[in-house]
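This report sets out the main features of the protein model shown below. The text moves from the chain as a whole to individual residues.

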Amino acid sequence: MYDTAIIGSGPAGLSAALNLKLHEKNVIWFGAKDLSVKVEKSEKIANYPGIPMVSGADLNRKF
């Protein structure tokens, strides 16, 4: 039995999964194993909380 199902492997889905696990919830997560392809291809990401300007490839590595 799961407390939550998350669909998506982008930043929002990953953040949700991490936060729910920190609160000891059982999570099932559906998404691409390579995380977000859109994030990976982004040249610059300036608005991800807690991380200053970063390329998409670097952000995926940080995840």
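Of the contacts in the protein with a separation of 6 or more, 25% are made between residues 24 or more positions apart. The model is a predicted one, with a mean pLDDT of 85 for the protein and 97% of its residues at 70 or more. Confidence is not uniform along the chain: the mean is lowest, at 77, in helix α2 (residues 37-41) and highest, at 96, in strand β1 (residues 4-7).

**Overall architecture**

The protein contains 3 helices and 2 strands. Read from the N terminus, these elements follow the order β-α-β-α-α. Along the principal axes, the C-alpha atoms occupy a box of roughly 40 × 20 × 15 Å. Of the 63 residues in the protein, 27% are buried. The accessible surface amounts to about 4800 Å², and carbon and sulfur atoms contribute 56% of that area.

**Charges and the salt bridge**

The protein carries 8 positive and 6 negative charges, and the mean positions of the two sets lie 2 Å apart. Side chains of opposite charge can pair when their charged atoms come close. How many salt bridges does a search of the whole structure find? The search returns 1 salt bridge, formed by the side chains of Arg-61 and Asp-58 with an N to O distance of 2.3 Å. This pair meets the criterion because a side-chain nitrogen of Arg has to lie within 4 Å of a carboxyl oxygen of Asp. Both partners belong to helix α3 (residues 56-62); because they are 3 residues apart there, about one helical turn separates Arg-61 from Asp-58. Arg-61 counts as exposed, with a relative accessibility of 60%, whereas Asp-58 is partly exposed at 32%.

**Individual residues in the helices and a loop**

Pro-11 is part of helix α1 (residues 11-22). Leaving aside residues up to four places away in sequence, Pro-11 touches Val-39, Tyr-48 and Phe-63. A further relation across the chain links Pro-11 with Val-37: these residues are 26 positions apart in sequence, and their C-alpha atoms are separated by 11 Å. Pro-11 is classed as partly exposed because its relative accessible area is 24%.

Lys-38 is located in helix α2. From Lys-38 to Ala-16 the C-alpha to C-alpha distance is 18 Å, with their positions 22 residues apart in sequence. Lys-38 has a relative accessibility of 71% and therefore counts as exposed.

Glu-24 sits in the loop between α1 and β2 (27-30). Which sign does the phi of Glu-24 have? The phi of Glu-24 is positive, at about 60°, although this residue is not a glycine. Most residues other than glycine have a negative phi. Glu-24 is also exposed, with a relative accessibility of 72%.

The accessibility values discussed above are collected here.

| Residue | Relative accessibility | Class |
|---|---|---|
| Arg-61 | 60% | exposed |
| Asp-58 | 32% | partly exposed |
| Lys-38 | 71% | exposed |
| Pro-11 | 24% | partly exposed |
| Glu-24 | 72% | exposed |

The class boundaries explain these assignments: a residue is exposed when its relative accessible area is over 50%, buried when it is under 20%, and partly exposed in between.

Definitions and conventions. Residues numbered from 1 in each chain as written. Predicted model: local features only at pLDDT ≥ 70, side-chain atom pairs only at ≥ 80, totals over all residues. Heavy atoms only, no water. Helix = DSSP H or I, 4+ residues; strand = E, 2+ residues; numbered from the N terminus. Buried < 20%, exposed > 50% of the residue type's maximum accessible area, 1.4 Å probe, protein only. pLDDT = per-residue confidence, 0-100. Contact = heavy atoms within 4.5 Å. Areas by Shrake-Rupley, 256 points an atom, 1.4 Å probe, with all protein chains shown as cover. Lys, Arg positive; Asp, Glu negative; His and termini not counted. Charge placed at Lys NZ, Arg CZ, Asp CG, Glu CD.
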